[in-house]
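Here are my notes on the model, set out as numbered points. Please read them with the structure open.

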Amino acid sequence: MDRTDVLIVGTGPAGLAAAFEISSRAPRLTVAMIDREKFSTGGLRNDCKMNFTYPIGFPVDVWTEDLAKAYLARTEEFLKPPIMDRKNVSVYARRAEKIGVRLLEIRQAHLGTDGGLALIKDLTAELMRRGVAISLGENLLGIDAASRVATTDRRELSWGALVVAPGRSGFSFVQSLLTTLGVPFTDNVVDIGVRVETREGNYQIVKDYYDPKFIFPEKTRTFCTNSRTARVVQEKYVTDDGRAYYSVNGHAYADEKMRNGLANFAMLRTVEFTEPLASGQRFAEMLGIQAALMGGGRPIMQRIGDFRLGKRSKLSGFSGDLYDFEPTLASATPGDISLAAPSKILRAIWKSLKALDTIVPGVLHPSTIMYYPEIKLYANRPTFADGSFRVADRVWMIGDGAGTSRGITAAWSSGLRAADGIMDALRD
Ligand SMILES: Cc1cc2nc3c(=O)[nH]c(=O)nc-3n(C[C@H](O)[C@H](O)[C@H](O)COP(=O)(O)OP(=O)(O)OC[C@H]3O[C@@H](n4cnc5c(N)ncnc54)[C@H](O)[C@@H]3O)c2cc1C
């Protein structure tokens, strides 16, 4: 059986940060990373916007502002990304304030999907130079915590410390491991919404502020704005009983030569179940499946002009019409979002979009497209045994799948925080 001092599952930012920290502080420890994908490394591949302001990306129940700031400083010091300028923010912020909306000012860097790939290449080359064993296309199937043995689809591997960082796509997997370990958890929170796509000219703020974060009443916010060379994409999810559904998302390339003049962003509403406590994941899955049913197995898209008239969109409204841009996710099905989305969620989103149109006039141009559903599953809430995200003896769970982050910089910070705990544990 293979043996390693530290086994890291997932080569996203959370896993990478843990690997870098451990390999630099304890070069004599053996570190192995596995990832079920054939290409490294998780969510750094998509757009790679990095936010360096609390609480963006940091779940506040596990991160205080002071703690997050300290780890963000270490993250920035290591990654050294070029921070972008923001202009005219106070004009937008004043307009927002007048109608009860907050615009957060965030320190941001944007590498783009192309820049993210280059970063991944550099980071993995450096880890390999340090002797970290990276095995791609290897899937963790389960663990035996008592004997400290992991079973993958290739081998059995014993560990001294195990870091599980499988990202959002590992949301259910984290739950099954927590159940095996007997660690209580909840997942009663989920973000549901739409992705809005429009011409940059209709959402002028992106020229001044790459990823503006507006916070609206009714737990609604803008999230993950992309522009210049922006695309809407779909991610496939499969439920435990084998049913497939899609969530939309967005990303952009930094390469100016590919510029398409479009912008996209998510408008998300947070849903939190109290009594009776329901699973956010199950709720989101049901909405995803319902949308897939109405969209013939694909996400739904609707022009704002049709939505305002209470009409479904048709294929003829997406090409060759007066509207002057075509959807970047052309495979989405033209339809009626209000038939698929719960009214409380859609009402909050539409109210917020109207407020946004007052702050940045033009975003609700009739040609603007809404894609549904955009679902964010990052609200697993394990009962952590200590402040380093340890869930059991010598087992740590971090990143979006474990609910310690909602973005790249918080995921990286989570990896550092776990590594600090591991260094203490392995010293004992
Ligand atoms: C399209 C898109 C765009 C995004 N844009 C941004 C952005 O611009 N800025 C931002 O801050 N955030 C963005 N995000 C979110 C960001 O990617 C995540 O917050 C971040 O990557 C989470 O890091 P992580 O390490 O927890 O997980 P991930 O980066 O998801 O990495 C988890 C890794 O674990 C692997 N894995 C899962 N299960 C197993 C298993 N059983 N065995 C082995 N390996 C496994 C997966 O293959 C994956 O590579 C975006 C996400 C998407 C999908």
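1. Two strands count as paired if DSSP finds at least two bridges between them. In that sense L162 has V395 of β22 as its bridge partner. The model is a predicted one.

2. The pairing of L162 belongs to a parallel contact in which β9 and strand β22 (residues 395-397) are joined by 3 bridges. Strand β9 (residues 156-164) also pairs in the parallel sense with strand β1 (residues 2-9), over 7 bridges. Within this group of strands, V9 sits opposite V164 of β9.

3. A further partner of β9 is strand β8 (residues 149-152), which runs antiparallel to β9 and is joined to it by 3 bridges. Here V149 faces S158 in β9. The link from β8 to β9 is a hairpin of 3 residues.

4. The domain assignment splits the protein into domain 1 (2-83 + 108-186 + 380-427) and domain 2 (189-376). Taken over C-alpha atoms, their centres are 29 Å apart. Contact between the two involves 14 residues of domain 1 and 12 residues of domain 2. On the domain 1 side, β5 (108-110), α4 (112-129) and α5 (171-181) each contribute at least two of the touching residues. The largest share, 4 residues, is from α4. By type, this side of domain 1 has 3 nonpolar, 8 polar and 3 charged residues.

5. Where does the ligand lie with respect to the domains? Both domain 1 and domain 2 give residues to the shell around the ligand, so it lies between them. Of the 42 residues around the ligand, the nearest are G12, G42, G43, G167 and G399. Elements giving two or more residues to this shell are α1 (13-25), β2 (31-35), β3 (49-51), β14 (230-238), β15 (244-252) and α10. The largest share of the shell, 3 residues, is from α1. The shell divides into 13 nonpolar, 20 polar and 9 charged residues.

6. Helix α10 (residues 408-427) can be checked for length: at 1.5 Å a residue, its 20 residues should span 28 Å, and the 29 Å between its end C-alpha atoms agrees with this. Is α10 largely enclosed or open? Of its 20 residues, 14 are buried, so α10 is largely enclosed by the rest of the structure. A residue is called buried here if 20 or more other C-beta atoms lie within 10 Å of its own. As noted under point 5, α10 is also one of the elements that give two or more residues to the shell around the ligand.

Key:
Residues numbered from 1 in each chain as written. Predicted model: local features only at pLDDT ≥ 70, side-chain atom pairs only at ≥ 80, totals over all residues. Domains from an automatic or database assignment. Contact = placed C-beta atoms within 7 Å. Nonpolar A, V, L, I, M, F, W, Y, C, P; charged D, E, K, R; others polar. Expected span 1.5 Å × (residues − 1). Buried ≥ 20, exposed ≤ 12 C-beta atoms within 10 Å, placed from the backbone. Near = placed C-beta within 6 Å.
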